[in-house]
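Biologist: I would like to learn how to read burial in a model. Can we work through one together?

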Amino acid sequence: MHRSRILLAAAALGVIAAATLHLACSAGPRPPNVLLISIDMLRADHVSAYGYTRPTTPAIDRLAQEGTLFEEHISSSSWTLPAHAALFTSLPDGIHGATDTDKALGPAATTLAERFQSAGYETVGFFAGPYLHPAFGFGQGFDRYENCTSYAKELDSEPSAQWSMDPKVMRESHADVTNPTVLARFVSWFQGRSERPFFAFVHLWDAHFDFVPPPPWDQRFDPEYKGTVDGKGFFFDERINPTMPARDLEHLIALYDGEIGWTDQHVGQICALLASRGLLDDTVVLVTSDHGTEFFEHGRKGHRQTLYDEVVHVPCVLRYPKAVPAHARVKQTTRSIDVGPTLLALAGLEAPADVIGESLLPLLKPGNSVRPPRAVCELDSVGIHLRAVRTSKWKFVDRVDAGDPLWFDLATDPKELTPLSDLQSELGKRASQAYLEEVGVLDAWIDRHPPTHVTSAVPGGVRHQLKGYGYVGGDENPVEPPKKD
Ligand SMILES: [Zn+2]
């Protein structure tokens with residue numbers, strides 16, 4: 001072994017030994033385990049505990065009853081890569097910088113897994129979608145970070161620039177069915193886990209299109225349907241467009257709900273496993289999502305195109321009976337970047353100074369407020385650049401490179417159907433002022449800190465090819481009528 005490698009290995013062992021010592025010497029009770037579950041593409045308004053009329057999520061509902069539900073939880077973005085980067089770093093997209101497929105979290109970024117690892121936790125992650133691959137920096141801090149996709153070899157053997165925008169990989173990922181693999185890998189690890197407290201990240205992919213749930217979930221919410229739409233090829237199938245028959249669209253949504261129900265069942269199985277070993281009450285459990293998806297509410301399908309609530313309002317449910325109230329709901333707007341500091345606080349670890357997210361624990365006491373109740377979300381990918389600030393009363397959207405800003409009065413227009421442009425009205429002034437304040441926070445941070453992301457080159461040919469599928473935009477904005485291509 002080369003001398004520098006030996007030194008590196010020795011240094012790494014030293015870190016682990018010191019961290020283990022840190023836990024062993026800590027006064028007081030054993031720190032809790034931490035389980036962070038991200039259900040890809042789960043809209044908050046399709047979760048029963050959030051008021052959805054179909055019983056899609058009994059397991060999440062139970063966690064919510066036994067814990068606290070955050071009613072207005074807003075993701076940092078409307079697609080997987082930047083949203084998870086924000087979840088992992090507690091920094092908004094404009095700061096963590098992993099906003100597109102040619103960018104990744106670099107070694108200078110500090111992830112949640114690294115924070116738990118340095119505190120002596122056993123850290124393990126299971127991911128099932130291409131944009132959570134370690135090529136994007138997500139493996140940092142995990143003792144074990146497992147690729148649960150069925151095309152893992154394809155991803156692992158090539159640089160991400162070769163596949164990150166490849167339509168073939170997109171089709172494979174959309175068609176992939178991974179819930180059983182993720183569960184099996186989790187169980188396998190769990191049975192041989194160490195004595196140390198663990199931080200486990202579980203990424204469940206199958207609510208993401210395509211919508212092909214197994215029986216009985218394929219029939220659960222629309223057994224009478226006799227048409228031909230089957231949920232396969234959702235994104236690329238041109239029959240699935242804004243003018244498609246309403247009955248077929250209803251069926252697609254029922255299939256999405258079936259996928260959610262099936263995925264929720266896996267959440268229940270993981271919790272039941274913990275409970276069977278007497279560990280559930282010693283484990284902080286947080287279930288959330290990275291983004292939602294559109295079903296033509298604004299003329300589009302899918303996500304990574306806009307910042308409407310369909311794609312940024314996600315669930316957040318937290319259970320830990322020793323410190324988190326049961327049957328509680330927090331109404332204040334919260335952010336995906338707050339998840340990390342909240343989990344660290346519940347584990348008794350020091351609040352990180354180098355993040356923008358804040359612990360949500362003060363909100364668990366009625367009447368408390370930790371900061372201006374608003375969230376920043378951003379989309380800076382494939383030629384679209386939007387940045388929004390959302391409160392429970394309004395959403396301000398800056399079309400950064402493509403025209404004047406807009407805002408929505410969410411109190412009177414919760415579905416965001418009537419964009420407003422008057423910045424001189426009372427609400428318009430307030431929204432634009434708040435937006436400028438938030439941008440000021442981001443700019444001040446960027447001035448004080450070096451970038452933490454790294455950039456790679458995505459072949460131009462691949463990018464050009466994607467345009468043909470409508471995956472690559474350039475002139476999308478949140479109010480123009482949808483394009484039918
Ligand atoms: Zn996603």
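Biologist: What share of the 485 residues of the protein counts as buried?

Modeller: The model is predicted, so read every value as computed from it. A residue is called buried when its relative accessible area is under 20%. Here 59% of the 485 residues meet that mark.

Biologist: And what does the protein expose, and which atoms supply it?

Modeller: About 19600 Å² is exposed. Carbon and sulfur atoms supply 55% of that area.

Biologist: How many helices and strands are there in the protein?

Modeller: The protein has 14 helices and 19 strands. Among contacts with a separation of 6 or more, 71% join residues 24 or more positions apart.

Biologist: Now a single element. Why is helix H3 said to be largely enclosed by the rest of the structure?

Modeller: Count its buried residues. H3 covers residues 80-89, and 10 of the 10 are buried, so the rest of the structure largely encloses this helix. The buried set includes Pro 82, His 84, Phe 88 and Thr 89. Leu 81 and Leu 87 belong to it too.

Biologist: What follows H3?

Modeller: Ser 90 does, with a positive phi near 60 degrees.

Biologist: Try the reading on H12. How many of its eight residues are buried?

Modeller: Seven of the eight, across residues 339-346, so H12 is also largely enclosed by the rest of the structure. Among the buried ones are Val 339, Gly 340, Pro 341 and Thr 342. Leu 343, Leu 344 and Leu 346 are buried as well.

Biologist: Which residue with a positive phi follows H12?

Modeller: Gly 348, and its phi is near 80 degrees.

Notes
Residues numbered from 1 in each chain as written. Predicted model: local features only at pLDDT ≥ 70, side-chain atom pairs only at ≥ 80, totals over all residues. Heavy atoms only, no water. Buried < 20%, exposed > 50% of the residue type's maximum accessible area, 1.4 Å probe, protein only. Helix = DSSP H or I, 4+ residues; strand = E, 2+ residues; numbered from the N terminus. Contact = heavy atoms within 4.5 Å. Areas by Shrake-Rupley, 256 points an atom, 1.4 Å probe, with all protein chains shown as cover.
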